[in-house]
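Q: Could you take me on a close look at the biggest internal cavity of this protein and at the parts of the fold around it? I would enjoy one connected walk through it.

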Amino acid sequence: MYEKPARPGQIFGPRDRLRRIKYHRGTEITVLLRTGAKSRRVSIQSRMTPYAAILRLARVLIPLWLALPGAVSADALERVSVQLLWKHQFEFAAFYAAQEQGYYRQAGLDVEIKEGGPGIDTVREVSEGHADFGVGTSALVVDHYRGRPVVSLAALMQHSPTALLALRRNGIQSVHDLAGRPVAVDPHNRDEIEAYFLASGIPRERIRLVDQTDWTMASLDRGEVAAKVVYLSNEPYWIRGREHEYLILTPRSAGIDLFGNTLFTTASALRQRPAVAKAFREATLKGLVYALAHPEEITDLILARYNSQAKSREHLLFEAAQIAELTRPDIVEPGYQSAGRWRHVVEVYAGQGKLPADFDLAGFIYDATPHKTPAWLVWSLAGLALLLAATVAVLLKLRGLNRRLSLENRERAQAERALQESEAKYRELVEHANAIVLRLALDGTVTYFNEYAERFFGYRAEDILGRHVVGTIVPERESDSDRDLGQLIEAILARPEDFQHNENENMTRNGRRVWVRWANMVIPDEHGNPIGISCIGQDVTETRKAEETIRNLAFFDSLTQLPNRRLLIDRLHQALAMSARSRRHGALLFIDLDNFKLLNDSHGHDIGDLLLIEVARRLLGCVREGDSVARLGGDEFVVMLEGLDEAPGDAANHAELVAEKIGDALRRPYYLGDIEHHATASVGIALFQDKAMSVDELLKRADLAMYQAKASGRNALRFFDPAMQATVESRTRMEAELRRAIQRGEFLFHYQPQVNPNGRIVGVEALARWQHPERGLVAPSEFIGLAEETGLIASIGRQLLRQACEQLKTWSEHPETADLTVSLNVSARQFHHPEFVDMVLANLNASGVEPSRLMLEITESLLLDNIEETVFRMNMLKARGIHFSIDDFGTGYSSLAYLKRLPLDELKIDRSFVQDIETDENDAAICAAFISLAHILGLRVVAEGVETEEQQYFLAAVHNCDVLQGYLYGKPMSAEQFTRSLQVP
């Protein structure tokens, strides 16, 4: 009888393992079992002969032995660890779900989830054996090339979450605005962002990537960086409600579409424990599917059991929705990693010089479905081998034909049952496979159509079996390429060995066109002759649409759908070559909308986008079919006209007609939502015919001509000519000289006396001069304008203010000059510099000068830009004792409202009104009115340009002007000359 049965009629429990069988003592058989860490013996008494007992025992033990390996003991769980890329969040929900739902335990695994963070390199952790698995990025392929034995197991995200976030108020409208400006990145995404910039056409030397110092918006809001890396999976949550203030830039817009999180291990771990790697991968992907289907449940799990970094439930649910978008389980099977996508990743990093373009991916991408003998077959063969051994042992010991025939019958019955079970499993597998499975006869008729194919194509199997594949699920011609698909099917049927893989358009029952990638295999008969073809298909419609979208993003502007800079440059190369061969001129029109920024600032970027879309439509309506219209970015458009005329004059006339047509079209009113808007454009035109001219040179010429059109007053067109180039080169040289002059300190002040009606000098106006080493003394009219445009005026103004304060300090030490005031001009750009107020006060403090002796002259143009900020800054300086004068009053946008609001001390009448007061009654009346108005407002009046005694008499004696300035009292002179004129020791 049996000892210690697990339940009546059962010898072994579900955790028992067979260790050894021993026969002894007549008819007694002893079986050694192992249960967990303990061993025990079971004795079986039988009245049968020893050999019959062994055979009977084998009939019981063999099926049990085949079944037992699937049961996993708690003590036999394999301990493994996985290193996360970052701290706990929904991004790693696949691991939490697999742990919580018991998928790891069912796979025989005891998994430790290791949190990531700053300074933790997942590749190093896994490579050095601190973790068995890790979560990495697409940069794993670079690590593989560099010798780290990493293997990519599964793509946990089909798209990278990496993006850049910038503030619109910092002037960032596109990725090109980040050239030369600091962009914060971290080690995980530095390579991807660099590839994004290069693909956008930004030169490598203009890319400035800095280390991420914080993982909040603080550095961006403070202006320390122009943009920072964010993860679309969760960080946009922080800017909800303020999205309009920010600009999100994604590498996918430039064709850089990398995988996101990627599960990986090492090659050695894969060799040593292939079953563990496979089990961990499958359990993790099962967890990913569960997490995406149950976001609220997994969110509560993270909040309850993991360090969620103080994220709210709402934040984690937001992240869950973003992860679903990046994973796209509705389109791509979770974990699927296309070799073509990895080839794209290689091409991206090869463009950065990080690995060769032909780098072999063999050994890097894990094959989740390797061609190997099925496990059930191995166990079945092993069981059959054991059974055969038992049978042989019995045959050697037992005699008799009846016993041998009985054994043969039993074996045949068992084989038949195994065959039936195998066929049933095969039918179940094929019918429920997540793939299209069909078979074709050699004449092209359908002989098998699985359940997935029925759902995909919309046919029931009985409706399509026996019908030809062409005309049912295969159209006769492909819609895009007009390929004859009937001939393709004939070729596949005739030479299936040449078409093991093909991709073609298919058609559903309702006529919808889809794309399917097919794997074809010949079905032979028992003699090896082909009798049909087995076809397994995968729907790749969305993949092809995504590839088309990527192509459009790479070569077309996403807003207007016009060609972008990259495609334009390609077409320009072709146009230059064609023009050189045909000897016919072409023309490049560079178009920039006038005052576009005002529309954006007043009505928002949404209205600005509507205007750009309408401008693109109107431009297309102004050109011929063969001409090109492109958008370079912002409000800049380019029109390329080809094949105009051989004579340059005729070609120019043709281009001018098109430009005027464009100008008329763009001047028509725009109806943007509820807004009626009027706009104009400045157009620059450059002709081309010479193939030797570079594309960059041609664009530069057209751009230069456009700026000349803007300089002429906007709403105009200009042709490029060499004189423009000479002017630009001259300005470029002067800019370089200005920069050297700032370094050498070549700027100085000349001082012009200011006198009261009694003729006593009460102050001076400081007038800037440039002591050029070759040209001598250069007047401000020759360099101030360029300094304003280039921003160098701030550095020049800083040097001159320091000189003025030092001069005041020197004069304060002599009685004759101790009470003098110094007036100096402040440009609008200098005044609005963030450090202007601190710079003025610092120079006054350093020199120890009384602030009331400094008079800052501002122009009316300064008041047009942010009047509130202007008043605020003036009041800050006014509170410290500094005086203000409004210069050239009456020549600009004079407004009594400005005079009323500004904390002014002085009003200066421009010389243009003073010079003709003796002969022009209007000028005389204007000067008298200015003086009267200023005195009513409590302001001191200074008249500039006084050169005659008659002017002095009219201003001082008749109308009580407070201070006079002009050549009548002295020309501008150096400080030494002015001091000598006063006979100061």
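**The largest cavity and its surroundings**

A: Happy to. In this predicted model, 13 residues line the largest cavity, and those lying nearest its centre are L440, I489, I492, W518 and C535. The space inside amounts to about 120 Å³. It is one of seven cavities of 30 Å³ or more that the structure holds.

Which elements build the wall? Two or more lining residues come from each of β14 (436–441), α17 (485–494), β16 (501–507) and β17 (513–524). Of these, β16 gives the largest share, with three residues. Sorted by class, the lining has nine nonpolar and four polar residues, and no charged ones.

Now let us step back to the sheet that these strands belong to. It is an open sheet of five strands, in the order β15-β14-β18-β17-β16, and the pairing is antiparallel. At its edges stand β15 (446–449) and β16; each has a single partner strand, so one side of each is left without a neighbour in the sheet. The strand with the largest share of the cavity lining, β16, is therefore also an edge strand of this sheet. On average, neighbouring strands here are turned by 30° against each other, direction ignored.

At the other edge, β14 and β15 pair in the antiparallel sense over three bridges. Within this pairing, R439 stands opposite Y448 in β15. Next to R439 in the numbering comes L440, which you have already met among the residues nearest the centre of the cavity.

The helix of the lining, α17, packs on this sheet and touches β14, β16, β17 and β18 (530–539). Its direction makes about 140° with that of β16. Both α17 and β16 are among the elements that give two or more residues to the cavity lining, and the contacts of α17 with the sheet also take in β14 and β17.

For a comparison, have a look at the second largest cavity, with about 90 Å³ of space. Its lining has 14 residues, and E91, A94, L156, L288 and I323 lie nearest its centre. Here two helices, α2 (93–100) and α9 (274–293), each supply at least two lining residues. By class, this lining has 12 nonpolar residues, one polar and one charged, whereas the lining of the largest cavity has no charged residues.

Elsewhere in the chain you can find parallel pairing too. Strand β4 (residues 78–83) pairs with strand β5 (residues 109–114) in the parallel sense over six bridges, and the bridge partner of E78 in β5 is L109. Two bridges also join β4 to strand β6 (residues 133–136), again running parallel; there V82 stands opposite F133.

Finally, a stop at a helix pair: the axes of α21 (residues 605–620) and α22 (residues 648–667) come within 10 Å and cross at roughly 145°. This crossing is right-handed. The contact is made by V615, R618 and L619 on the α21 side and by I662, A665 and L666 on the α22 side. By class, that gives five nonpolar residues, no polar ones and one charged residue.

Notes. Residues are numbered from 1 along each chain as its sequence is written. This is a predicted model: local features need pLDDT of at least 70, side-chain atom pairs count only at pLDDT 80 or more; totals for chains, interfaces and linings use all residues. Side-chain values use heavy atoms; hydrogens and water are left out. Axes are lines fitted to C-alpha atoms, for helices over the stretch in contact, and angles run from 0 to 180 degrees between N-to-C directions. Helices (H or I, at least four residues) and strands (E, at least two) are DSSP runs, numbered from the N terminus. A crossing is left-handed if the near helix is turned anticlockwise from the far one by less than a right angle, and right-handed if clockwise. Contact means heavy atoms within 4.5 Å. Ala, Val, Leu, Ile, Met, Phe, Trp, Tyr, Cys and Pro count as nonpolar, Asp, Glu, Lys and Arg as charged, and the others, Gly among them, as polar. On a 1 Å grid over the protein atoms alone, a cavity is a set of points where a 1.4 Å probe fits but cannot get out, and a pocket is an open set with protein on both sides within 12 Å along at least five of seven lines; lining residues have an atom within 4 Å of a point. Grid points are joined across faces, edges and corners, and a volume is the space filled by probe spheres set on the points. Two strands pair if DSSP finds at least two bridges between them.
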